[in-house]
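The following report describes how the parts of one protein model are arranged. Please keep the sequence and the structure in view while reading.

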Amino acid sequence: MILPSIYIAEVPEKGRGVFCREDIAAGTIIEVAPVIVMDRKDRLLLDRTLLHDYIFEWGQKKDKCCMALGYIPIYNHSYRSNGEYEMDYDQDIIMVKSVHFIPEGEEITINYNGTWNDSKKVWFDVKD
């Protein structure tokens with residue numbers, strides 16, 4: 001399920017992103033998407049490809065990974081995102097919902113750390 005008012009557009013210096021054609025109220029389910037679950041062996045192979053940037057750790061023990069379908073891989077990261085994702089390991093789905101009001105035309109972002117306001121640096125912001 002993808003909210004009908006959601007669309008993908010180009011974002012300067014980020015590639016593509018997910019946007020809304022209509023206002024979205026706080027707590028609205030924006031998308032529910034199935035995932036393809038893979039084991040550690042598959043993860044080693046994925047880490048050697050561009051898909052590394054689009055997979056999620058999966059399972060209670062984070063011992064698997066998954067590729068989400070739908071628009072899920074296209075949501076960009078923000079440390080103060082307006083969306084948040086939840087994982088359902090039993091149903092093999094990821095759900096994105098709004099954490100506050102999102103005005104028409106605004107990009108919908110998620111925090112790759114899992115919690116909408118988690119300020120821990122994500123992998124692409126960590127300097128070696």
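In this predicted model, β1 and β2 form a hairpin, and 3 residues lie between the two strands. Glu13, in the turn, has a positive phi of about 65°. The strands β1 and β2 run antiparallel and are joined by 6 bridges. Within this pairing, Ile6 stands opposite Cys20 in β2.

The hairpin belongs to an open sheet of 4 strands, whose order is β1-β2-β9-β6 and whose pairing is mixed. In general, strands of a sheet pair through backbone hydrogen bonds, and they may be parallel or antiparallel. Strand β2 is joined to β9 by 2 bridges, and these strands run antiparallel. Phe19 has Glu107 in β9 as its bridge partner. Which strands stand at the edges of the sheet? They are β1 and β6; each has a single partner strand, so one side of each is left without a neighbour in the sheet.

Just before β1 lies a segment that contains Ser5. Leaving aside neighbours within four places in sequence, Ser5 is in contact with Phe19, Cys20, Arg21 and Glu22. Is Ser5 buried or exposed? The relative accessible area of Ser5 is 8%; because buried means under 20%, Ser5 counts as buried.

The discussion now turns to the nonpolar residues. In soluble globular proteins, nonpolar side chains tend to be buried together. The largest nonpolar core of this model has 21 residues, and those that touch the most other members are Ile6, Ile24, Ile30, Ile72, Tyr75, Ile94 and Ile108. At least two residues of this core come from each of β2, β3, β4, β5, β8 and β9. The largest share, 3 residues, is supplied by β3. A second, separate core has 5 residues, among them Leu46, Ile55, Cys65 and Met67.

Ile72, from the largest core, has contacts with Glu31, Ala33, Phe56, Ile94 and Val96 when its neighbours within four places in sequence are left aside.

On the surface, Leu50, Leu51 and Tyr54 make a nonpolar patch of about 290 Å². Tyr54 is placed in the loop between α1 and β4. With a relative accessible area of 33%, Tyr54 is partly exposed.

The table lists the two residues whose accessibility has been described.

| Residue | Location | Relative accessible area |
|---|---|---|
| Ser5 | segment before β1 | Ser5: 8%, buried |
| Tyr54 | loop between α1 and β4 | Tyr54: 33%, partly exposed |

How values were computed:
Residues are numbered from 1 along each chain as its sequence is written. This is a predicted model: local features need pLDDT of at least 70, side-chain atom pairs count only at pLDDT 80 or more; totals for chains, interfaces and linings use all residues. Side-chain values use heavy atoms; hydrogens and water are left out. Two strands pair if DSSP finds at least two bridges between them. A nonpolar core is a set of buried Ala, Val, Leu, Ile, Met, Phe, Trp, Tyr and Cys residues joined through side-chain atoms within 4.5 Å. Buried means under 20% relative accessible area, exposed over 50%, partly exposed in between (1.4 Å probe, protein chains only). Contact means heavy atoms within 4.5 Å. Patches are made of residues with over 30% relative accessible area and no salt bridge: like charges are joined within 9 Å, nonpolar side chains (Val, Leu, Ile, Met, Phe, Trp, Tyr) within 5 Å. Accessible areas come from the Shrake-Rupley method with a 1.4 Å probe; for residues, only the protein chains shown count as cover. A salt bridge is a side-chain nitrogen of Lys or Arg within 4 Å of a carboxyl oxygen of Asp or Glu.
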